[in-house]
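Reader: Please show me the sequence and the structure, and then let me ask how the terms you use are justified.

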Amino acid sequence: MILPIIGYGDPVLRKVGEEVTPDYPNLKEVIENMYETMYNAFGVGLAAEQVGLPLRLFVVDTTPFSDDDDLETAAQKQLKGFKKTFINAKIIKEEGEEWAFNEGCLSIPDVREDVYRKPIVTIEYCEEDFVMKTEVFDGLIARVIQHEYDHIEGILFTDKISSLKKRLIQKKLKNIMEGKTFQEYRMKFFAKKGR
């Protein structure tokens, strides 16, 4: 089922996600709905907070990035088919020299800004089997993981840009809060609740 994506300004986007237990009600369905919602919105990642659930859960599928002709063949192959569910994730380490990438977010439509992040991330997480594992990711995969991980920590990519850039996008952010934006996917806006 395609769920509405929560728009900027809703307090759920600022909540630190709660641990997910194996007996969480309908967890498999929640995850399936998140993937379906992400694909419908042409996203590469989606956190539970973005569908109104303050949980330590996010999904990633970087396949759309693999079509980028500006990337080296090895990077394209790495991105193609990378699909993973992250439950109760904890970033252990981020390393390397920070690099800029123009990020966007399904909860903040029509806003894109350069965000600096480290290129390598070590993360502990489990998938639906709840077996904890630790893995190292790099490049665009690491970038998507870091962006989605921020969501489960109550952080948005707009928190990572300069104060000048924040001032320049204030009107866009206000419009999103008020639902004055149009997207091809369903959204739920904070200022329109109860209407």
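Author: His147 is buried, with a relative accessible area of 9%. This is a predicted model, in which local features need pLDDT of at least 70 and side-chain atom pairs count only at pLDDT 80 or more, while totals for chains, interfaces and linings use all residues. Residues are numbered from 1 along each chain as its sequence is written, and side-chain values use heavy atoms, with hydrogens and water left out.

Reader: Why is His147 called buried?

Author: Buried means under 20% relative accessible area, exposed means over 50%, and partly exposed lies in between (1.4 Å probe, protein chains only). The value for His147 is 9%, and therefore His147 counts as buried.

Reader: What makes Glu148 a residue to ask about, and is Glu148 buried or exposed?

Author: The unreviewed UniProt entry lists Glu148 under "active site"; UniProt positions are given in the numbering used here, feature names are shortened, and annotations may be inferred rather than shown by experiment. Glu148 has 4% relative accessibility, so Glu148 counts as buried. Glu148 lies in helix 3 (residues 139-152), where helices are DSSP runs of H or I with at least four residues, strands are runs of E with at least two, and both are numbered from the N terminus.

Reader: Which residues does Gln50 contact, leaving aside neighbours within four places in sequence?

Author: Contact means heavy atoms within 4.5 Å, and the partners of Gln50, apart from those neighbours, include Cys105, Glu148 and His151. Gln50 sits in the loop between strand 2 (45-47) and strand 3 (57-61), and Gln50 counts as buried because its relative accessibility is 1%.

Reader: Which residues carry the "binding site" feature in UniProt?

Author: The unreviewed entry places that feature at Cys105, His147 and His151. Although these residues are spread over 47 residues of sequence, they cluster in space, with a largest C-alpha distance of 10.3 Å.

Reader: How many disulfides are there?

Author: A disulfide is a pair of cysteine sulfur atoms within 2.5 Å, and by this rule the count comes to zero. Cys105 counts as buried because its relative accessibility is 9%, and Cys126 is likewise buried, with a relative accessible area of 2%.
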